[in-house]
Amino acid sequence: MNDFKTRLREAMDLRGIRATALAAESGVSKARISQYLHGIYVPKTDAVLSLAAVLGVSEGWLLGKDVPMLPANTPARDTVALPFLENLSPLHLLRYPVLGEIACGQPIIAEQDNDGGYVTAADAHADFCLTAKGDSMIGARIFDGDEVFIRQAEMVNNGEIAAVIVDNEATLKRVFYYPDEKRLVLAPENPDYEPLEFVGEELRSIRILGKAVAFQSKLS
């Protein structure tokens, strides 16, 4: 499994992700990942699948096979090839698709923008980005016009900032979900705005697009 050990380390360095974060996102324990990196444990199929999904690489490549690193359905992205050296950390600038504007105030309709994309570091491991509109998230340092990078997910942890669809409109808020009460609260980061609260059947109109993992501001 030396090939797996080497490929796992290479993928982690490429994505800029540490064992702690990889464990949290993949469900594979940090101790087990450490064992993989030291070549003292053979990974099972489910672990390989989980790690490959988080790292954005093909399972075969991760296992050391002579196959492409990226999965066959991976969208084309702008990358910079660098030699694999311990003292080099690739910047990994990527161009993510822009899916319109997202409201930091009242929800607005999210429409796809096909005119290009925004560039950010790959360690965000995002799937798309949205342009923030309004000032309801200024307490989280997200201002009007910022590009917010979203990692696609159907649910996020309580307190995390997420892009959420409410009645086919998009908004960016902190999410708090109370399953016992069947209650969802979308909280702003600006005291001038009231939280949005949904209970019972109202939850059917809510869909989480994903977790906000990074943002990019423009200097005026």
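Glu25 is found in helix H2. The model is predicted. At 32% relative accessibility, Glu25 counts as partly exposed, because that value falls between the 20% limit for buried and the 50% limit for exposed. Leaving aside residues up to four places away in sequence, Glu25 touches Ile17, Val54, His125 and Arg151. Leu51 is another reference point for this residue. The C-alpha atoms of Glu25 and Leu51 are separated by 8.6 Å, although the two residues are 26 apart along the chain.

One of these contacts is polar. The side chain of Glu25 meets the side chain of Arg151 at 3.2 Å. Side chains of opposite charge can pair when their charged atoms come close. Here the pair counts as a salt bridge, with 3.2 Å between the closest N and O atoms of Arg151 and Glu25. Arg151 lies in strand S4 (residues 147–152) and Glu25 in helix H2 (residues 19–26), so this salt bridge ties together parts that are 126 residues apart in sequence. The environments of the partners can be compared with the cut-offs. Arg151 has a relative accessible area of 17%, and is therefore buried. Glu25, at 32%, is partly exposed.

Val54 and Leu51 lead on to helix H4, which spans residues 45–55. Its buried residues are Ala47, Val48, Leu51, Ala52, Val54 and Leu55. Why do they lie on the same side of H4? They cover an arc of only 165 degrees around the axis, which puts them there. The general background is helix geometry. An α-helix has 3.6 residues a turn, so residues three or four places apart point the same way. The other side of H4 has Thr45, Asp46 and Ala53, which are exposed. After the helix comes Gly56, with a positive phi near 70 degrees.

Now turn to the strands. S5 covers residues 161–166 and is mostly covered, with six of its six residues buried. How are its two faces placed, covered or open? Both faces are covered. On one side Ile161, Ala163 and Ile165 are buried. On the other side Ala162, Val164 and Val166 are buried.

S5 pairs with two strands named here. Six bridges join S5 to S6 (residues 169–178), and the two run antiparallel. Ala163 has Leu172 as its bridge partner in S6. Val166 stands opposite Glu169 in S6. Five bridges join S5 to S9 (residues 206–216), again antiparallel. In S9, Ile208 is the bridge partner of Val164.

S6 also leads to S7. Five bridges join S6 to S7 (residues 183–187), and these strands run antiparallel. Tyr178 stands opposite Arg183 in S7. S6 and S7 form a hairpin with four residues between them. Lys182 is in the turn, with a positive phi of about 50 degrees. At 53% relative accessibility, Lys182 counts as exposed.

Most residues other than glycine have a negative phi. Lys182 has a positive value in a residue other than glycine. Arg141 does too, with phi near 65 degrees. Arg141 lies in the loop between strand S3 (128–133) and S4. At 59% relative accessibility, Arg141 counts as exposed.

Back at the hairpin, Arg183 has charged partners. How many salt bridges does a search of the whole structure find? It finds six. One of them joins Arg183 to Glu181, with the closest N and O atoms 2.9 Å apart. Another joins Glu197 to Arg183, with the closest N and O atoms 3.5 Å apart. Glu197 lies in strand S8 (residues 196–199) and Arg183 in strand S7, so the pair ties together parts that are 14 residues apart in sequence. At 47% relative accessibility, Glu197 counts as partly exposed. Through shared partners, salt bridges join Glu181, Arg183 and Glu197 into one network.

Methods. Residues numbered from 1 in each chain as written. Predicted model: local features only at pLDDT ≥ 70, side-chain atom pairs only at ≥ 80, totals over all residues. Heavy atoms only, no water. Buried < 20%, exposed > 50% of the residue type's maximum accessible area, 1.4 Å probe, protein only. Pairing = 2+ DSSP bridges. Arc of directions from axis to C-beta. Salt bridge = Lys/Arg side-chain N within 4 Å of Asp/Glu carboxyl O. Contact = heavy atoms within 4.5 Å. Polar contact = N/O pair within 3.5 Å; in protein donor to acceptor, adjacent residues only side chain to side chain.
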